[in-house]
Amino acid sequence: MRHHNRCWPAEQSKKTPSAWAKGRHAFVSHHIGDLENYQTLRSYTEGIAHFGRLFDIEPAVVAHDLHPEYLSTKYAMELENVELVGVQHHHAHIASCLADNGESGPVIGVAFDGTGFGTDGTIWGGEFLLADLVGFTRVGRLAPVAMPGGAAAIKQPWRMAAAYLDAAGIDDFSVLSQRHEGDWSTVVTMARRGINAPLTSSAGRLLDAVAAIVGVREAINYEGQAAVELEQLADRTEKGHYRLAVLDGETLEVQGVDLVRAVADDVRAGVPGPVIAARVHNGLVDLVVRVCGQLRDRTGVDVVALSGGVFQNLLLVEGVVAGLGGAGFRVLTHSRVPPNDGGISFGQAAVAAARPFRPPVVGASTAGQNPTLDVECGIKSHTRRKSSPAYRESDVAGSYVDVRTARRLRSQSYQPSTPSPVVADRCRISTPGWTCRA
């Protein structure tokens, strides 16, 4: 992570750790909780100022999450005289794992977690990425399902169960629906009509749904509780697994409903909970190995990086590492920074550090292989931005840029002079109608 004497304070997403990078060193801050109110924001900004004084760092480049409403993103947008680099959440996860292992890619990145803002405006979390430190292409995902109630579905996993059961065509799962009789039909209607029900491809939300169906946990008291207790329930001696279908296409799509349908059938058949929980984990192991095998056949990439909070699950990560190793992959996992959001800022810093070294070119092949990396490069402003950006994949394909700049660039063939208020990485942006180069 060396780039002369420039330095990157990377701003996390909803979670609060930040990371500072200078020369060949990176410093990850302490964790103080979700960044959701004035008190944590104040502690967050004071911590950033303290780190700057402690390590004698004056920020030149600031990396931040793409979510326009995160307080950390808004804080970054208000900073003066810095370059801004927007980094997609799950790319940051994989970059964190790469940097943790001293690697630069390309890899098949498996990023499984609860929530992360996607470039298409939906909530990601069950992602297969062809990635290096500079950019990524989304090459696989869990099929999106509605999150009825938004954040309420995180705190009440039975809502995700209702949405998944309905998506699976199961409308008579009385074991669970009767306990929520007053709200069940409303929640299902919300999911069907998309009323306060954002789409998510999250592996964490799938595990929440399964935990509620099995009867492990229908409401949580702390983040990830349902998945944690599902792991604890699993019978380590059970070797059976549930098979999830993978639909072929430019982006592979994993059918999470297959898992839910199989779990519901076994629950109604009276199969013990520990056996079901084990089959769920074994099924996810089988899924990751199969999808990575398909992606290796397509790209020639035989290194896999595992990241995201779901890979704090020891049963899952041990099974995936063993399965991938047996299939001939080299597997990268975390050792110095955590796979959950505590390592995101480190990954953001790694991305910001890497981009100036190797200007991304859309469609370029990599190191002796022939995978095509649809690099998502950052257009950076050298002037203060007073409003939060709304990043949308439809505005600039393959790039991170605020909507106002995208509209202006689209209206003209933009060749920035020097100096310019807007400077892009030396790249060609794959949007019909205009080309941008630095």
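Reader: Where does aspartate 56 lie, and what phi does it take?
Author: Aspartate 56 follows just after helix 1 and has a positive phi of about 55°. The model is predicted: local features need pLDDT of at least 70, side-chain atom pairs count only at pLDDT 80 or more, and totals for chains, interfaces and linings use all residues. Residues are numbered from 1 along each chain as its sequence is written, and side-chain values use heavy atoms, with hydrogens and water left out.

Reader: What makes a run of residues a helix or a strand?
Author: Both are DSSP runs numbered from the N terminus: a helix is H or I over at least four residues, a strand is E over at least two. Helix 1 covers residues 38–54 and has 17 residues, so it meets the requirement of at least four.

Reader: How do you know what span is expected of helix 1?
Author: The expected span is 1.5 Å times one less than the number of residues. For helix 1 this gives 24 Å, and the helix reaches 24 Å from its first C-alpha to its last.

Reader: Which residues of helix 1 are called buried?
Author: They are Thr40, Tyr44, Gly47, Ile48, Phe51 and Gly52. They cover an arc of only 135° around the axis, so they sit on the same side of helix 1; the arc is taken from the directions from the helix axis to the C-beta atoms. Buried means under 20% relative accessible area, exposed over 50%, and partly exposed in between (1.4 Å probe, protein chains only). The exposed residues Tyr38, Gln39 and Arg53 are on the face turned away from the buried side.

Reader: Why is strand 6 described as largely enclosed?
Author: Ten of its eleven residues (107–117) are buried, so the rest of the structure largely encloses strand 6.

Reader: What makes strand 6 and strand 7 a pair?
Author: Two strands pair if DSSP finds at least two bridges between them. Strand 6 and strand 7 (residues 123–131) have eight, in the antiparallel sense, so the condition is met. Valine 110 is opposite phenylalanine 128 in strand 7. Strand 6 is also joined to strand 13 (residues 303–307) by four bridges, and these two run parallel.

Reader: Why is cysteine 292 called buried?
Author: Its relative accessible area is 0%, so cysteine 292 falls in the buried class. Cysteine 97 has a relative accessible area of 0% as well, and is therefore buried.

Reader: How many disulfides does a search of the whole structure find?
Author: Zero. A disulfide would be a pair of cysteine sulfur atoms within 2.5 Å.
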